[in-house]
Amino acid sequence: MSYNHKLKILPFIVIFLLMLECLLVKPTAIARADSPSTTVYEQRIIHSPDGIGKYYMGREIAKVMGYTGAGWLERQSREVEEQPSKIVSLLNLKSNDVVADIGAGTGYLSFRIAPLLTRGKVLAVDVQPEMLEIIELFKKEKNITNVEPVLATLSNPNLPSESIDLALMVDAYHELEYPQEVMQGIVKGLKPGGRVVLVEYRGENPFIMIKRLHKMTQKQVSKEMQAVGLVWRETKNLLPQQHLMVFEKPNSNDSLTR
Ligand SMILES: C[S@@+](CC[C@H](N)C(=O)[O-])C[C@H]1O[C@@H](n2cnc3c(N)ncnc32)[C@H](O)[C@@H]1O
């Protein structure tokens, strides 16, 4: 190769090496227009096929379950595997509570909670309009009027300020693409003293046959909730495969470390 030819291709080699460094060596912060907290996430090229390659506080975020999985959410065996009636009884609901079911899917939990809220309601929040259509269909079929579908964006649950007593997330938190922004929106929507309950498959137990990214450890959940100012209250280990973790939004005059 002549010296002149080498000189001509040199800039291309430099550009290629720079691109390679960006892709493989440095995880890049995601700069998405709808993501205000660009620096809390990192994107990695090599990652689990079950995840989106985006990491938050050391955890890879799982892929969202699409609306074509609605049948899976409504499967008969779920009664045994997850004991939804026990989940509902562990929530200690009051009849006038306003509950936000975040990542409601088909409303599997929303429709089990709504009958207990004789003077309250459930906001069934999801990002997939198809899921909200299924919720509308079940509302008519079950003749339940106090479930209100709410269309969220990936980074905003669209809750009215200080209006929620309980935000519930069942099998949903691990797939939020913008967990920090969504949790900030939830904290804003909660009344002071309001609760967040997360039900997630136990990540500590390798014998629970659920994909790793669809399980969470208590340690990880606590770290992520603490990052948005929520205070851990209790963990109920009474479900067959999931833990139910309760957090609270402190009253403004409470100490966060109470
Ligand atoms: C695995 S499904 C669980 C559904 C329901 N909680 C249940 O237990 O049957 C997770 C749901 O979370 C929804 N989701 C994902 N990201 C969301 C977000 N940022 N805000 C609201 N919902 C979201 C998905 O569309 C999906 O319907």
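What share of the contacts in the protein chain with a separation of 6 or more comes from residues 24 or more positions apart? The figure is 63%. Keep in mind that this is a predicted model.

Start with the whole chain. It has 258 residues, and 33% of them count as buried. Its secondary structure comprises eight helices and eleven strands.

Now turn to the sheet formed by the early strands. Three strands make it up, in the order β1-β2-β3. The sheet is open, and its pairing is antiparallel. Why do β1 and β3 each have one side without a neighbour in the sheet? Both stand at the edges, β1 at 41-43 and β3 at 59-62, and each has a single partner strand, so one side of each is left free of a neighbour. From one strand to the next, the twist averages 40 degrees.

Look at one pairing within this sheet. Strand β2 covers residues 51-56, and three bridges link it to β1 in the antiparallel sense. Y41 shows how the two strands line up: its bridge partner in β2 is Y56.

Next, move to the other end of the numbering. Strand β10 spans residues 231-236 and strand β11 spans residues 242-248. They run antiparallel and are joined by five bridges. One bridge pairs V231 with E248 in β11. Together β10 and β11 form a hairpin, with five residues between them.

Helix α8 comes next, at residues 218-226. Which of its residues are buried? They are V221, E224 and M225. These residues cover an arc of only 100 degrees around the axis, and therefore lie on the same side of α8. Note that a glutamate, E224, is among the buried residues.

What covers the buried residues of α8? The cover includes both strands of the hairpin, β10 and β11. It also includes helix α7 (179-189), along with strands β8 (190-202) and β9 (215-216).

Finally, consider the ligand. It is surrounded by 23 residues. The closest are M65, G103, G105, Y108 and V170. How does this shell divide by class? It has 17 nonpolar residues, three polar and three charged.

To retrace the path: the antiparallel sheet runs β1-β2-β3, and the hairpin is built from β10 and β11. Helix α8 has V221, E224 and M225 buried, with β10 and β11 among the elements that cover them. The ligand has its own shell of 23 residues.

Note on methods:
Residues are numbered from 1 along each chain as its sequence is written. This is a predicted model: local features need pLDDT of at least 70, side-chain atom pairs count only at pLDDT 80 or more; totals for chains, interfaces and linings use all residues. Two strands pair if DSSP finds at least two bridges between them. Helices (H or I, at least four residues) and strands (E, at least two) are DSSP runs, numbered from the N terminus. Axes are lines fitted to C-alpha atoms, for helices over the stretch in contact, and angles run from 0 to 180 degrees between N-to-C directions. A residue is buried if 20 or more other C-beta atoms lie within 10 Å of its own, exposed if 12 or fewer, and partly exposed in between; C-beta atoms are placed from the backbone. Two residues are in contact if their C-beta atoms, placed from the backbone, lie within 7 Å. A residue is near a molecule or strand if its C-beta atom, placed from the backbone, lies within 6 Å of it. Ala, Val, Leu, Ile, Met, Phe, Trp, Tyr, Cys and Pro count as nonpolar, Asp, Glu, Lys and Arg as charged, and the others, Gly among them, as polar. The arc is that of the directions from the helix axis to the C-beta atoms.
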